[in-house]
Amino acid sequence: MVRTASTMLPLGTHLPDFELGVVSGVNSAPDDPLKGLSHIRSVDLTKRPLFLMVICAHCPFVKHVESGITNLFNSFGNDIQFLAISSNSLITHPQDAPEFLASQANKLGWKFPYLFDSDQKLAKALRAACTPDFYVFWPSPDGNLTLRYRGQMDGSRPGNEIPVSGDDIRLVFKSLLKGEVISANQKPSIGCNIKWHPGMEPEWFG
């Protein structure tokens, strides 16, 4: 396990274009406008704020914050679109296959789409580095979803005895929903490195 920090994609970046398959078997909220879709495209997400999570099923850093993700969704899921993405290579880590992602989501009561980034193109477009890596994209006047936050959920890490609260992202959500300006001084997330396909690692890996 290699402790890896977010690359901190520049604020103001537009949500990258993508079309990814939805992990089947994940329970959806009854009023989710994306319910029933087998694929989700970036253009399907332009009307609502978006909380994008690069996570997986096996990573101990993800497992550590799973309850925090659940609590954030229960608090803000009506106002903000939640979207989980797993980009880990199944060549090296078959324990992150879609069936295990679905089991993870349903065990935790997550009722938002979980996407499988099999070619890792979205992870690379986001300059994602670790699991978990968190991004908040917000509607802008030009009609695009624009990056307003990237970084940690809170200061809790496995073994540091700080409770998982979600406070950093919770404050971002509350501030942006009120139309307030948030600080650009943001702390990176820390987690396991993304498991890139062998020989296809991005330049920021290692």
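**Exercise 1. The open sheet**

In what order do the three strands of the open sheet stand, and is the pairing parallel or antiparallel?

*Solution.* Note at the start that this is a predicted model.
Step 1. Read across the open sheet: the order is β1-β10-β7.
Step 2. Check the sense: the pairing is antiparallel.
Step 3. Find the edges. β1 (3-5) and β7 (130-131) each pair on one side only.
Step 4. Look at what packs on the sheet. Helix α1 (residues 60-76) does, and it touches β1, β7 and β10. The direction of α1 makes about 140° with that of β10.
Step 5. Zoom in on one pair of strands. β7 and β10 (residues 190-193) are joined by two bridges in the antiparallel sense. Here threonine 131 faces cysteine 192 of β10.

**Exercise 2. The whole chain**

Count the helices and strands, then judge the overall size of the chain.

*Solution.*
Step 1. Count: the protein chain has four helices and 10 strands.
Step 2. Follow them from the N terminus: β-β-β-β-α-β-α-β-α-β-β-β-α-β.
Step 3. Compare the radius of gyration with the expected value. A compact globule of 206 residues would have a value near 17 Å; the protein chain has 16 Å, which agrees.
Step 4. Take the outer dimensions. Along the principal axes, the C-alpha atoms fill a box of roughly 45 × 40 × 30 Å.
Step 5. Turn to burial: 51% of the 206 residues count as buried.
Step 6. Consider the contacts with a separation of 6 or more. Residues 24 or more positions apart account for 78% of them.
Step 7. Finish with the surface. The accessible surface is about 9,500 Å², and 52% of it belongs to carbon and sulfur atoms.

**Exercise 3. Two faces of a helix**

Which residues of helix α2 (residues 98-108) are buried? Explain why they line one face.

*Solution.*
Step 1. List the buried residues: Leu101, Ala102, Gln104 and Ala105.
Step 2. Look down the axis of α2. The buried residues fall within an arc of 160°, so they line one face of the helix.
Step 3. Recall the general rule. An α-helix has 3.6 residues a turn, so residues three or four places apart point the same way.
Step 4. Go to the face turned away from the buried side. It carries the exposed residues Glu99 and Lys107.
Step 5. Name the cover. The buried residues of α2 are covered by elements including α1, β5 (81-86) and β6 (114-116).
Step 6. Look past the helix. Glycine 109 follows α2 and has a positive phi, near 75°.

**Exercise 4. An enclosed strand**

Decide how strand β4 (residues 50-54) sits in the structure.

*Solution.*
Step 1. Count the buried residues. Five of the five are buried, so β4 is largely enclosed by the rest of the structure.
Step 2. Sort the side chains. Leu50, Leu52 and Val54 point one way, while Phe51 and Met53 point the other way.
Step 3. Find a partner. β4 pairs with β5 in the parallel sense, over five bridges. Methionine 53 stands opposite alanine 84 in β5.

**Exercise 5. One residue in detail**

Is isoleucine 69 buried or exposed?

*Solution.*
Step 1. Place the residue: isoleucine 69 is in helix α1.
Step 2. Apply the cut-off. Buried means under 20% relative accessible area. Isoleucine 69 has 0% relative accessibility and therefore counts as buried.
Step 3. Leave aside neighbours within four places in sequence. Isoleucine 69 then contacts Met53, Ile55, Phe82, Trp110, Phe112, Phe134 and Met153.

Key:
Residues are numbered from 1 along each chain as its sequence is written. This is a predicted model: local features need pLDDT of at least 70, side-chain atom pairs count only at pLDDT 80 or more; totals for chains, interfaces and linings use all residues. Side-chain values use heavy atoms; hydrogens and water are left out. Two strands pair if DSSP finds at least two bridges between them. Contact means heavy atoms within 4.5 Å. Axes are lines fitted to C-alpha atoms, for helices over the stretch in contact, and angles run from 0 to 180 degrees between N-to-C directions. The radius of gyration is taken over C-alpha atoms; the globule rule is 2.2 Å times the number of residues to the power 0.38. Buried means under 20% relative accessible area, exposed over 50%, partly exposed in between (1.4 Å probe, protein chains only). Accessible areas come from the Shrake-Rupley method with a 1.4 Å probe; for residues, only the protein chains shown count as cover. The arc is that of the directions from the helix axis to the C-beta atoms.
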